[in-house]
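Me: I would like a close look at a single part of this model, namely the way its domains are arranged, followed by whatever surrounding detail helps me to place that part. Please take me through it in one connected account.

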Amino acid sequence: MKKIRIGIIGAGRMGRIHTQNLLKMQEVEVKAIADPRVEDTKKWASSFGITDIRSDWNSILDDPEIDAVVVTAPTRFHFEVIKAAATKGKHIFTEKPLSHDLESAKKLLHFLEGKNVKIQVGFNRRFDHNYRKVKDLIASGKIGEIHIIKTTTRDPDLPDIEFVKNSGGIFFDFFIHDFDYIRFITNSEVEEVYAGGSVFWDPKMQEVGDYDTAFVNLKMKSGTLGIINASRKAVYGYDQRVEVFGSKGNILTSNDRETNVEVRTKDGVITDKPLQDFQHRYIDSFLEELHDFVKCIIEDKMPSAKPKDGYEAILIAEAAKISTQFNKPVLINNLR
Amino acid sequence: MINVISKVRVGIIGAGRIGKIHTENILKEIPEAEIVSIADVDLNKTKEWAGNLGVKKIFADPKEVINDPKIDVIIICSPTNTHSDLIIESAKSGKHIFCEKPIDFNLNRIKAALKVVEESGVKLQIGFNRRFDHNFKKIHQLVESGQLGNVHIINITSRDPDLPSMEYLKNSGGIFMDMTIHDFDMARYLANSEVDEIYSVGSVLIDSRVKEIGDYDTAISILKFKNGATCIIDNSRKAVYGYDQRVEVFGSKGSAMTYNDTPTNVIVSNENAVCMDKPLYFFLERYKASFVQEMKDFINCVIRDEKPIVSGIDGFKAVIIASSASKSAKERKSIKIEEEIL
């Protein structure tokens, strides 16, 4: 069978993770990588035998030998790159968020309608072993109707303030995964959003109009209540948990740890901290999501996380942002 | 001042579920106190139950207990709408008071009652027993000692094992006043700060009759504290696996979490799964020790002339938060907690 030939657009942190995962798949060949930092990228890629490094992403889209692209360029380029890629008939895997703001995401969604290519958004939690099992249990009816969903999402440390400035804010950058996941497991849309935040760690966060600690409350059309709590700095590591409470029971996940060793001394019982960061915690899910994308191309299936899902998550993020500005719940339909 | 050699003499008003618990706890667990008399509208039933415990003086009229000069302490376990008047009468008669939560549904009546308590110089403790629970007390100590750093996020999960009767719900004051009120007090206890603002949202997902009486069976409350901390409380009236009571405090230096207490810690592994006990069934089982502890603490405060851990102001503040929560859920907006001056 002919291999799927893939071009990578953007060889930053995520671009490199995806590239290395693609190299593990027999069905795939990484044909070329575009990144303005050509020399750096060449140095890194040559060790994997990838030699075709270009500075201009357009040349990837113009390459007739490339079937699909992985869009890992900064979010502000997503709109332009995805539009061009779809026009040129390339299948697209794009990192989240789909686009940098609601307006462009809406335009993009309309533009992509009816385009005959596979488009998947990088909501990797849908493919994580723990989160997927939760989804499967709910789908099987094990805990009945869903009443309450609680997610905890805390980073091990503050990002660079430059990153924060360009991130679109905590709701776009951070909560977007939780928004998608809650829609994914409830099979219901969000009706109302209420959000708030505080700055505890770094006053610069306040200067750029963002938060380091925040919550979002979601009321779903089904009546299900969702609540997400987040912090940009948990000193004990990357804290990623979900709890789903239903009419027939409750499901809880714990953090994955390096080992399950317990040390007992006169001071107490100690276990490993959670895995330190997202690269470690979600390593398998990044491979799984990309593998699923490749399968969608080969088997002509619809991807799990579609542009519509990317758009809905951004819609919720926007509602959360507005909610904090006016300190009021926001009805999602008013933003559509 | 009470003579330390003699016992603290207690009168009970209201011998319903919680009144019986307090009575039996005092008789069995608190040698420093004795029960002198009990008042309850259901005279015959109360006589039968109390007779078996050796308590002889049973009245239908609470005044008989309140005005008895041989009584030092009144424990109020009657329906909520009688609390304020009983507090006022007890205080005027110079008795120390333990009153079940909530003090009253009406803020003005609470203010009036607390004023009389202050003027009379008697002690008043409100029945927020969870402050005396072994798990929550430890988390409080961790916060107090600074081991968690500054508090940033508090998560409280509080779910009952089953929906009470519609009759009970109709007179309960609503989910926030009846159920979440304990969590509101817990949040204040753990945050080391006062609530600035509250947002609550409710759903009816268990029984549509709850909607007919204007209440919720599932709710989320978000408290914003003056120090910037956020507390998230989730409530359900029906968790099929039992009474689910957990707390997490997340701070700048780390996080502390409790699990549910279980009847045993046995883990069964078989070809299907690994299983452990469900949480203890309901508050009588789960908070058994805390009911004893809160009463011991109160009696000690009376003997040693100390201030109770849960004051009338704490009871008042919890009611303000609860009524603000109801208002928030109804009006779909965030509510500022007014600084009520007593």
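**The two domains and their surroundings**

Reply: The C-alpha centres of domain 1 of chain A and domain 2 of chain A lie 27 Å apart, in what should be read throughout as a predicted model. The domain assignment places domain 1 of chain A at residues 4-117, while domain 2 of chain A is made of two segments, 126-281 and 314-335. Where the two meet, 10 residues of domain 1 of chain A are in contact with nine residues of domain 2 of chain A. On the domain 1 side of that meeting, the residues of chain A comprise six nonpolar, three polar and one charged.

Chain B can be described in the same terms. Its assignment gives domain 1 of chain B as 8-122 and domain 2 of chain B as 131-286 together with 319-336, and the C-alpha centres of these two domains lie 28 Å apart. Here eight residues from domain 1 of chain B and seven residues from domain 2 of chain B take part in the contact, and the domain 1 side of chain B contributes five nonpolar residues, one polar residue and two charged residues.

Turning to the strands at the start of chain A, one finds an open sheet of six strands with parallel pairing, arranged in the order β3-β2-β1-β4-β5-β6. The edges of this sheet are formed by β3 (53-54) and β6 (119-121) of chain A, each of which pairs on one side only. Within the sheet, strand β1 (residues 4-9) of chain A runs parallel to strand β2 (residues 28-34) of chain A, the pairing being made over six bridges. One position in this pairing can be picked out by name, for A:R5 stands opposite A:E29 in β2(A).

Some backbone details deserve attention when you inspect the loops. The peptide bond from A:K96 to A:P97 is cis, with omega near -15 degrees, and A:P97 sits in the loop between β5 (91-94) and α5 (102-112) of chain A. In chain B, the peptide bond from B:K101 to B:P102 is likewise cis, with omega near -15 degrees, and B:P102 is placed in the loop between β5 (96-99) and α5 (107-120) of chain B.

Two asparagines of chain A also merit inspection. A:N187, although not a glycine, has a positive phi of about 55 degrees, and this residue belongs to the loop between α9 (176-186) and β8 (190-198) of chain A. Because 12 other C-beta atoms lie within 10 Å, A:N187 counts as exposed, the limit for that class being 12 or fewer. A:N327, again not a glycine, has a positive phi of about 50 degrees and is found in the loop between α13 (307-326) and β15 (330-331) of chain A. With 15 other C-beta atoms within 10 Å, A:N327 is partly exposed.

The domains also need to be seen against the contact between the chains, which takes 27 residues from chain A and 29 residues from chain B. On the side of chain A that touches chain B, the elements giving two or more residues are β7 (146-154), β8, β9 (213-220), β10 (225-231) and β12 (249-252) of chain A. By class, that side of chain A has 11 nonpolar, 11 polar and five charged residues.

It remains to set these parts within the whole chains. Chain A has 13 helices and 15 strands, and its radius of gyration of 20 Å is close to the 20 Å that the globule rule gives for 336 residues, so chain A is as compact as a globular protein of that length. The C-alpha trace of chain A spans about 55 × 55 × 45 Å along its principal axes, and buried residues make up 49% of the 336 residues in chain A. Of the contacts in chain A with a separation of 6 or more, 69% are between residues 24 or more positions apart.

Chain B, for its part, has 12 helices and 15 strands. Its radius of gyration is 20 Å, close to the 20 Å that the globule rule gives for 342 residues, so chain B is as compact as a globular protein of that length. Along the principal axes, the C-alpha atoms of chain B fill a box of roughly 55 × 55 × 45 Å, and 50% of the 342 residues of chain B count as buried. Among contacts in chain B between residues at least 6 apart in sequence, those joining residues at least 24 apart account for 71%.

Definitions and conventions: Residues are numbered from 1 along each chain as its sequence is written. Chains are lettered from A and ligands numbered from 1 in the order in which they are written. This is a predicted model: local features need pLDDT of at least 70, side-chain atom pairs count only at pLDDT 80 or more; totals for chains, interfaces and linings use all residues. Domain bounds come from an automatic or database domain assignment. Ala, Val, Leu, Ile, Met, Phe, Trp, Tyr, Cys and Pro count as nonpolar, Asp, Glu, Lys and Arg as charged, and the others, Gly among them, as polar. Helices (H or I, at least four residues) and strands (E, at least two) are DSSP runs, numbered from the N terminus. A residue is buried if 20 or more other C-beta atoms lie within 10 Å of its own, exposed if 12 or fewer, and partly exposed in between; C-beta atoms are placed from the backbone. Two strands pair if DSSP finds at least two bridges between them. The radius of gyration is taken over C-alpha atoms; the globule rule is 2.2 Å times the number of residues to the power 0.38.
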